[in-house]
Amino acid sequence: MQRPIIYIAITNHGFGHATRTAAVAATIQQLCPEVLLIMVTTAPRWLLECYIKGDFIHRPRAYDLGAIQADSLKMDKQATLEKLLEIKKNHRSIIASEVDFIHQNRVNLILADIPFLAAEIGQAANVPCWMMSNFGWDFIYRDWNGDFINIADWIGECYGKCDRLFRLPFHEPMQTFQNITDVGLTGGSPFFDASEIKSRWKITTPREKTVLLTFGGLGIQQIPYENLAYFPDWQFITFDKSAPDLPNLIKVQDVKTRPVDFMPICGRVVSKPGYGTFSEATKLGVPIISVTRDNFAEAAFLIEGISNYNYHQILTPAELFESSWEFLKQPLQPPRCQEPIATDGNEVIAQTVVNFLQ
């Protein structure tokens, strides 16, 4: 019997798609240890290794780009458009080189989050292409209007060739996909227990005064860290390497420890709208305080999602960047929905993949 081989293609945008996909890949590997995972992403290997404990092949390839950004909230639309037009111009040669690789490596299945060319590659290679996401890039670009409309139409046609979509929570309609399976929340789980994290990082504050600040791999350039002086008996945690040295701020530099590992000891997570952070916090029952994000169409669905299923506060940019952070002392809003959200997305996707491979 040939070893089952899965080609996992990840959109080239920030770290969020890489981590949520790596969490699913790790679950596939746990259910089927003999599977060979080929992780196709420009995300660094160390990031994937934070989620995937077994072996895998890392193929650093980018055949989409998401959005070019200065930081977690600012888009460079013109640079994004130029790069997309370049990809469209070269898409046949990109597809041909990946088809060769897929045939040489006898790949059984493509799983993608959510580069649009993956469906074209699957069709050209005659290998099924399944996707998983809460949005498609056609939806993001269409919202930007102008020259992006033609690009969005082309991307929508690519997505139409996908054989199956696992639609994650907090999603846009994703109407360009033909065959949709709705699943629960995905993402990583803590590798350490709470007492181990507290002892290792010398955290003594109660949970309600312990706050994780996380704005994704790109960070935000102008976080007003000086506001932490108003909360001397609170503990703040950040992964922002450029943050100042402050007595009540832990700067996590250790690449083996992830934001999700700190969540169980935190009373709230302060974030921008991002599926990975929202999903992991909601799975663990940790409240979210999020700033809004007007230029990224996905954000409205994410904000609605945590408003429905998690304790939350929604801030305007002015409340985050120009206030003295009194919001930390305000009561949280309860979730609007009585029914809890399903949290078994990793397992459902992984089991379906393993059933197919076997």
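**View 1. Helices α3 and α6 cross with a left-handed turn.** This is a predicted model, and the first close-up puts α3 (residues 77-104) against α6 (residues 148-159). Their axes come within 11 Å and cross at roughly 45°. An angle like that makes α3 oblique to α6. On the α3 side, the contact is built from Lys-77, Thr-80, Leu-81, Leu-84, Leu-85, Ile-87, Lys-88 and His-91. From α6 come Phe-148, Ile-151 and Trp-154.

**View 2. Helix α3 also crosses α4, this time with a right-handed turn.** Stay on α3 and look for α4 (residues 117-125). Here the two axes come within 9 Å, with a crossing angle of roughly 50°. The pair α3 and α4 is therefore oblique. Helix α3 brings Ile-87, His-91, Ile-94, Ile-95, Glu-98, Val-99, Ile-102 and His-103 to the contact. Helix α4 answers with Leu-117, Glu-120, Ile-121, Ala-124 and Ala-125. Ile-87 and His-91 may look familiar: they are listed in the α3 contact with α6 and again in the one with α4.

**View 3. Seven strands line up in an open, parallel sheet.** Reading across, the order is β3-β2-β1-β4-β5-β6-β7. The edges belong to β3 (57-59) and β7 (180-182); each has a single partner strand, so one side of each has no neighbour in the sheet. From one strand to the next, the twist averages 20°.

**View 4. Zooming in on the run from β4 to β7, the pairing is parallel.** Start with β4 (residues 109-113), which is joined to β5 (residues 129-133) by 3 bridges. Leu-111 is a handy landmark here, with Trp-130 as its bridge partner in β5. Moving on, β5 and β6 (residues 164-167) run parallel and share 4 bridges. In that pair, Ser-133 is matched with Arg-167 of β6. Next, 3 bridges tie β6 to β7, again in parallel. Look for Phe-166 there, whose bridge partner in β7 is Thr-181. Helix α4 lies across β4 and β5, and runs at about 165° to β5.

**View 5. His-17 of helix α1 is tucked out of sight.** This histidine is found in α1 (residues 16-31). Its relative accessible area is 5%, so it counts as buried. The side chain of His-17 makes a polar contact with the side chain of Asp-113, at 3.0 Å. Which residues does His-17 touch, leaving aside its neighbours within four places in sequence? They are Ile-10, Thr-11, Asp-113, Phe-135 and Trp-137.

**View 6. Strand β8 is largely enclosed by the rest of the structure.** How many of the residues of β8 (210-214) are buried? The count is 5 of 5, which is why β8 is described as largely enclosed. In a regular strand, side chains alternate between the two faces of the sheet. In β8, Thr-210, Leu-212 and Thr-214 point one way, Val-211 and Leu-213 point the other way, and all are buried.

**View 7. β8 pairs with β9 and with β11.** With β9 (residues 235-238), the pairing is parallel and runs over 4 bridges. Leu-212 is a good place to focus, as it stands opposite Ile-237 in β9. With β11 (268-271), β8 again runs parallel and is joined by 4 bridges. For that pair, find Thr-214 opposite Ser-271.

**View 8. Helix α9 is mostly covered.** Of the 10 residues in α9 (residues 275-284), 8 are buried. They are Tyr-275, Gly-276, Thr-277, Phe-278, Ser-279, Glu-280, Ala-281 and Thr-282. What covers the buried residues of α9? The cover includes three helices, α1, α8 (259-262) and α10 (298-309), along with the strands β8, β11 and β12 (288-291). Just after α9 comes Gly-285, which has a positive phi near 70°.

Note on methods:
Residues numbered from 1 in each chain as written. Predicted model: local features only at pLDDT ≥ 70, side-chain atom pairs only at ≥ 80, totals over all residues. Heavy atoms only, no water. Pairing = 2+ DSSP bridges. Helix = DSSP H or I, 4+ residues; strand = E, 2+ residues; numbered from the N terminus. Axes fitted to C-alpha atoms, helices over the stretch in contact; angles between N-to-C directions. Contact = heavy atoms within 4.5 Å. Buried < 20%, exposed > 50% of the residue type's maximum accessible area, 1.4 Å probe, protein only. Polar contact = N/O pair within 3.5 Å; in protein donor to acceptor, adjacent residues only side chain to side chain. Parallel < 35°, antiparallel > 145°, perpendicular 65-115°, else oblique. Left-handed = near helix turned anticlockwise from the far one by under 90°.
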